[in-house]
Protein chains: 2
Amino acid sequence: MLFRQLFDSESCTYTYLIADESTGDAVLIDPVREQIERDLRLCRELGLTLRYALDTHVHADHITAAGDLRDRTGASTVSCATGGADCASIRLGHGGEVRIGGLTVQALATPGHTDDSLSFLVENRLFTGDALLIRGCGRTDFQNGSPAQLYESVTQVLFALPDSTQVYPGHDYTGQTMSTIGEERRHNPRLAGKSRDEFIALMNNLRLAPPKKLHIAVPANRACGKDPMPQGV
Amino acid sequence: MLFRQLFDSESCTYTYLIADESTGDAVLIDPVREQIERDLRLCRELGLTLRYALDTHVHADHITAAGDLRDRTGASTVSCATGGADCASIRLGHGGEVRIGGLTVQALATPGHTDDSLSFLVENRLFTGDALLIRGCGRTDFQNGSPAQLYESVTQVLFALPDSTQVYPGHDYTGQTMSTIGEERRHNPRLAGKSRDEFIALMNNLRLAPPKKLHIAVPANRACGKDPMPQGV
């Protein structure tokens, strides 16, 4: 399994490239539109064929490269069966999967940050989008977010995985690149030792400013990152 | 083997935490002074004992946390036997090593970016400092840098390692986190297919501005990141 973690410094977004080295079939998780040339060059240099571009959810802070990757490579775009981007080629629910060579990318429904949030599991690597961050979690105050739902998703779905499962989040703002399920169960300040009610109260009192790109990124991402109002329309 | 890549966004520096999971003994490679609280907290949370703080070279763009880590944890600081920081507890030459539990951190002399540049090899992971970057290399125009020496270091020492060796650089400015020796041999635009003379000409014509922190960072780092002129002296 070939694995690369890539970073967009403007939005602090992590993009992940995963491939079966024997067949060269690859996926990108959460590709960022501004980084498409970097990511396509890396695929070319490594001799990979991009099969799927997956989004963990409809992002509010950056525009996905998924639609452009589909246009330029023939890859299929993948989003959540519930809500999300109905422009996607493939829409996965809980337990849904796509395969590349001998690897399986399994979707786990982890709503709460948004109603369409998926995590993806590939062997012992878990890509959590904004459901679970390193020592944090995504906010729950727009896009049908729900702290109660996020608490269930993290504690019942993600924390049910083995402690050694490697956690690769959708963002980090402090220079950390990965964690593990065991570490987050023990040390995540929003979740470790917190009851459901304490978590809900904490999330309902964050009082965060809206993401700067909210009103641009959400409609664009519902259209797979393509301009939702094409020129001339 | 526990492995964590950490990033300082101001200087685009990668710091690496490596530990033997069975004994909890750990090293930090190229720790950044501004990130010391993050890195010590991570060691605490993971139950690790920091044994060594290693610098790949005397940095010109950020101040090392090595001296402060030594003061606060009792870890030994490690620098190059040639040039470098003579304040260090341990000074390694080519082939020198330190051990943590069952892991060996082996030093490879790779001068050229600076005269004191070491790379560190731990199993199949190579920490190259600024000798070899992802699709690039460190500049060679100060601190006794030498393009001829860097060409020898990279092509004779680093490219002699197996193609599958994972390359973890001291910096990246484009959001890439790792590469391999095979990839850099084939795709590094400064080195792939370039003769020694072509490389020297290329490096001598970069015309880069000096690093902003050059005159602060170099004397501080020669003192292991501690104030080289203590107050009152």
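In the predicted model, the contact between the two chains draws 16 residues from chain B and 16 residues from chain A. On the side of chain B that touches chain A, strand S1 (2–8), helix H1 (36–45) and helix H4 (181–187) each contribute at least two residues. S1(B) provides the largest share, with 5 residues. By class, this side of chain B comprises 3 nonpolar, 8 polar and 5 charged residues.

The arrangement of the two copies was examined next. Two copies of a chain are related by a rotation about an axis and a shift along it. Here, a turn of 180° combined with a shift of 0.0 Å along the axis lays chain B on chain A with an RMSD of 0.0 Å. This is the relation of a two-fold axis. Both copies use the same surface, in that 100% of the contact residues of chain B recur in chain A. Among the residues of chain B, Ser9(B) comes closest to the rotation axis, its C-alpha lying at 4.1 Å.

Chain B contains an open sheet of 6 strands in the order S1-S2-S3-S4-S5-S6, and the pairing within this sheet is mixed. S1 and strand S6 (90–92) of chain B occupy the edges, each having a single partner strand, so one side of each is left without a neighbour in the sheet. From one strand to the next, the twist averages 25°. S1(B), an edge strand of this sheet, is also the element that supplies the largest share of the side of chain B touching chain A. Within the sheet, strand S3 (residues 25–29) and strand S4 (residues 49–54) of chain B pair in the parallel sense over 5 bridges. In this pair, Val27(B) stands opposite Tyr52(B) of S4(B).

Two helices lie across strands of this sheet. H1(B) lies across S1, strand S2 (13–19), S3 and S4 of chain B and runs at about 20° to S2(B). H1(B) also supplies at least two residues of the side of chain B that touches chain A. Helix H2 (residues 66–73) of chain B lies across S3, S4 and strand S5 (76–80) of chain B, running at about 155° to S4(B).

Another open sheet of 6 strands in chain B follows the order S7-S8-S9-S10-S11-S12, again with mixed pairing. Its edges are formed by strand S7 (97–100) and strand S12 (179–180) of chain B; each has a single partner strand, so one side of each is left without a neighbour in the sheet. Strand S11 (residues 166–169) of chain B pairs with S12(B) in the antiparallel sense over 2 bridges, and Val167(B) stands opposite Ser179(B) of S12(B).

In chain A, strand S7 (residues 97–100) and strand S8 (residues 103–109) run antiparallel and are joined by 4 bridges. Arg99(A) stands opposite Thr104(A) of S8(A). The two strands, S7(A) and S8(A), form a hairpin with 2 residues between them, and Gly101(A) in the turn has a positive phi of about 55°.

Helix packing was examined in chain A. The axes of helix H3 (residues 147–158) and helix H5 (residues 196–204) of chain A come within 9 Å and cross at roughly 130°. H3(A) and H5(A) are therefore oblique to each other, and their crossing is right-handed. H3(A) contributes Pro147(A), Ala148(A) and Tyr151(A) to the contact, while H5(A) contributes Arg196(A), Phe199(A), Ile200(A), Met203(A) and Asn204(A). The contact of H3(A) with H5(A) contains 6 nonpolar, 1 polar and 1 charged residues.

Key:
Residues are numbered from 1 along each chain as its sequence is written. Chains are lettered from A and ligands numbered from 1 in the order in which they are written. This is a predicted model: local features need pLDDT of at least 70, side-chain atom pairs count only at pLDDT 80 or more; totals for chains, interfaces and linings use all residues. Copies are superposed by least squares on the C-alpha atoms of residues with pLDDT of at least 70 in both. Two residues are in contact if their C-beta atoms, placed from the backbone, lie within 7 Å. Ala, Val, Leu, Ile, Met, Phe, Trp, Tyr, Cys and Pro count as nonpolar, Asp, Glu, Lys and Arg as charged, and the others, Gly among them, as polar. Two strands pair if DSSP finds at least two bridges between them. Axes are lines fitted to C-alpha atoms, for helices over the stretch in contact, and angles run from 0 to 180 degrees between N-to-C directions. Angles under 35 degrees count as roughly parallel, over 145 as roughly antiparallel, 65 to 115 as roughly perpendicular and the rest as oblique. A crossing is left-handed if the near helix is turned anticlockwise from the far one by less than a right angle, and right-handed if clockwise.
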